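Q: I have a sequence and a model to look at, and I would like to learn how to read them. Where should I start?

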Amino acid sequence: MANPTTLPEWKRLQALQAHMGQQHLLDLFEQDPERFKRFSFQQGNIFIDYSKNFINQDIVDNLLALARHQQLVPAIERLLRGQNLAPPVQAVPYMSLRDRAFLPVCIDGTDVSSEVRNALFSMRRLCEEIRSWSWRGYNGKPLTDIVTLGVGGSGNGAEMVCHALSPYHSPSLNSHFVANADTQAFKEKLRNLRPDTTLFIISSKSFTTQETLQNARLAKAWLIANAGNSDAVRQHFIAITSNRGEAEAFGIAPQHILPVWDWMPGRYSLWSTAGLPIALAIGMERFEQLLDGAHQMDQHFVSAPLASNMPVIMALLGVWYANFWNLSSHAILPYSELLEALPGYLQHDLMEATGKSVDLEGKPVEYVTGPIIWGSAGTKNQHTYFQLLHQGTHVVPADFIVVASDTHGNEETSSTFFHFLAQSETLMRGSDRQDSTSSSEQVLPGNKPSTCLLLADLSPLTLGQLLALYEHTALVQSVIWNINPFSHWGTELGKRYTAILNNASAEQIASEHHDCSTLGLLETFRRIQGDNSRGNSHRGPLPREESIYSVF
């Protein structure tokens with residue numbers, strides 16, 4: 001892989017953009033009556049229509065040539081075999097997490113596939129115990145509520161999938177997720193739970209994640225206070241972690257600790273043992289259907305020609321807009337309330353992978369990477385920020401996602417589809433000046449690009465395909481941009497600063513030479529806390545001799 005801006009395909013694409021920038025999307029359809037057929041296809045349970053984008057066959061061919069020049073095909077093959085994508089990029093064989101044929105993939109001499117198989121067996125055992133009611137709480141009652149304590153990939157993937165697949169949930173188990181360090185919100189949740197029928201899942205690879213451990217200690221204290229003894233912890237806690245020692249020291253029984261692996265970034269966690277909340281909610285068999293769906297998209301990704309490879313096409317559209325149109329924002333707009341949490345999940349999935357400013361050689365990149373991902377679900381948004389999408393000065397490429405068939409008796413599926421269809425067409429078509437009945441304010445320019453994804457249904461199998469599609473999209477873009485998709489130093493640095501500020505004394509903080517804004521905010525926070533605890537309400541900064549500035 002090289003700096004892509006030095007490649008001839010890059011220069012050619014710049015010239016093509018200059019020409020395409022003079023076109024209207026409607027003109028492209030008038031010029032080519034076969035445009036829809038040319039730029040759409042189906043893979044598995046997903047149909048993609050990318051004809052409403054600023055592309056023609058010449059542009060697509062040059063984007064594909066750029067991908068080949070960046071050695072995309074060898075990179076995919078190395079990913080499949082568990083090999084490093086490039087010298088500084090550690091192997092992350094995330095596809096092994098959903099390959100239930102368990103084909104051997106080794107990292108540092110360890111067969112990852114056998115470890116994944118063993119972890120799935122342990123998940124199945126725990127699921128059967130809990131869902132069959134053979135697992136009982138300290139009062140001998142079956143469990144009714146599952147509370148997952150985990151932040152980032154340790155919780156958001158499972159929460160998103162549980163919401164999306166809620167029609168498949170067991171009626172006897174309620175799922176809850178706690179990620180925020182706001183203890184007041186967690187305490188409010190605990191007020192509505194029964195300690196003798198609640199199971200807590202601590203999902204933390206390191207078992208040191210500050211927000212998660214803070215909530216875990218609160219849950220433990222609440223449980224012990226109600227149970228009257230600490231033995232109840234063994235019946236009401238499961239840990240998903242690579243740090244067995246800390247989990248056992250917390251009081252969790254060894255047989256209730258599921259493994260995760262150091263090689264696995266958090267955003268792939270839902271396919272692993274961190275998917276236990278999903279399996280408990282919908283059953284292990286349906287969780288395996290979710291894995292199967294992802295595996296089907298994996299097989300397509302590694303075997304399909306680039307020109308008909310769905311993740312490759314979606315990734316190249318993102319490169320096209322980010323680097324040649326200078327469009328830094330991308331909207332994910334699912335037309336299903338069940339997919340409400342999908343845009344937030346994809347923010348993690350895509351922005352963590354591609355949000356890098358240093359290439360694989362350690363040099364600052366000279367081009368845009370990682371567009372800003374945002375969006376929300378349902379037709380309600382048509383009454384809010386869609387105004388900007390239609391008539392604002394920003395051009396925001398959008399992915400519209402709709403479910404074609406609802407197997408759970410929802411009669412509004414067709415109505416939702418027509419909203420989905422109308423919005424995509426309106427963004428492209430706009431309104432003509434002669435269509436307006438009064439002022440020019442009513443004129444919509446149109447010419448806004450979008451990609452439409454039509455899902456056959458919202459089953460575990462289809463959802464698995466969709467999520468894997470976006471995962472591979474991020475991988476392809478990282479190869480084009482010559483960046484490491486598996487590092488996340490920005491996230492880690494923020495965690496480190498939080499730990500420093502949270503645990504240090506005023507003197508220690510001052511000795512670190514933080515800026516005056518950080519010090520001033522910290523002092524104001526402590527002053528307000530002190531006032532509230534004393535019942536005072538005076539305002540304004542403390543005298544200088546009373547503040548942490550005095551330690552300088």
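A: Start with a definition: a disulfide is a covalent bond between the sulfur atoms of two cysteines. In a model, a pair of cysteine sulfur atoms counts as a disulfide when they lie within 2.5 Å. Keep in mind that this model is predicted.

Q: How many disulfides does a search of the whole structure find?

A: The search finds zero disulfides.

Q: Is C127 buried or exposed?

A: The general idea is a cut-off: a residue is buried when its relative accessible area is under 20%. C127 has 3% relative accessibility, so C127 counts as buried. C162 has 4%, and therefore C162 counts as buried too.

Q: How much of the protein chain counts as buried?

A: Of its 552 residues, 52% are in that class. The protein chain exposes about 24200 Å², and carbon and sulfur atoms supply 51% of that area.

Q: How many helices and strands are there in the protein chain?

A: The protein chain has 21 helices and 13 strands.

Q: In what order do the six strands of the open sheet lie?

A: Read a sheet from one edge to the other, strand by strand. Here the order is β1-β2-β13-β12-β10-β11, with mixed pairing. The edge strands, β1 (40–43) and β11 (372–374), each pair on one side only. On average, neighbouring strands of this sheet are turned by 15 degrees against each other, direction ignored.

Q: In which sense do β1 and β2 pair?

A: They are antiparallel, with four bridges. F41 stands opposite I48 in β2. The hairpin of β1 and β2 has two residues between the strands, and G44 there takes a positive phi near 60 degrees.

Q: What about β2 and β13: how many bridges join them?

A: Four bridges join these strands, which run antiparallel. One residue to look up is I46, whose bridge partner in β13 is L455.

Q: In which sense do β12 and β13 pair?

A: Strand β12 (residues 398–403) and strand β13 (residues 450–455) pair in the parallel sense over six bridges. A398 has S450 as its bridge partner in β13.

Q: Which strands does helix α14 lie across?

A: Helix α14 (residues 310–324) lies across β1, β2 (46–49), β12 and β13. Its direction is at about 135 degrees to β1.

Q: What share of the contacts with a separation of 6 or more comes from residues 24 or more positions apart?

A: For this, compare positions along the sequence with contacts in space. In the protein chain, such residues account for 74% of those contacts.

Notes
Residues numbered from 1 in each chain as written. Predicted model: local features only at pLDDT ≥ 70, side-chain atom pairs only at ≥ 80, totals over all residues. Heavy atoms only, no water. Pairing = 2+ DSSP bridges. Axes fitted to C-alpha atoms, helices over the stretch in contact; angles between N-to-C directions. Contact = heavy atoms within 4.5 Å. Buried < 20%, exposed > 50% of the residue type's maximum accessible area, 1.4 Å probe, protein only. Areas by Shrake-Rupley, 256 points an atom, 1.4 Å probe, with all protein chains shown as cover.
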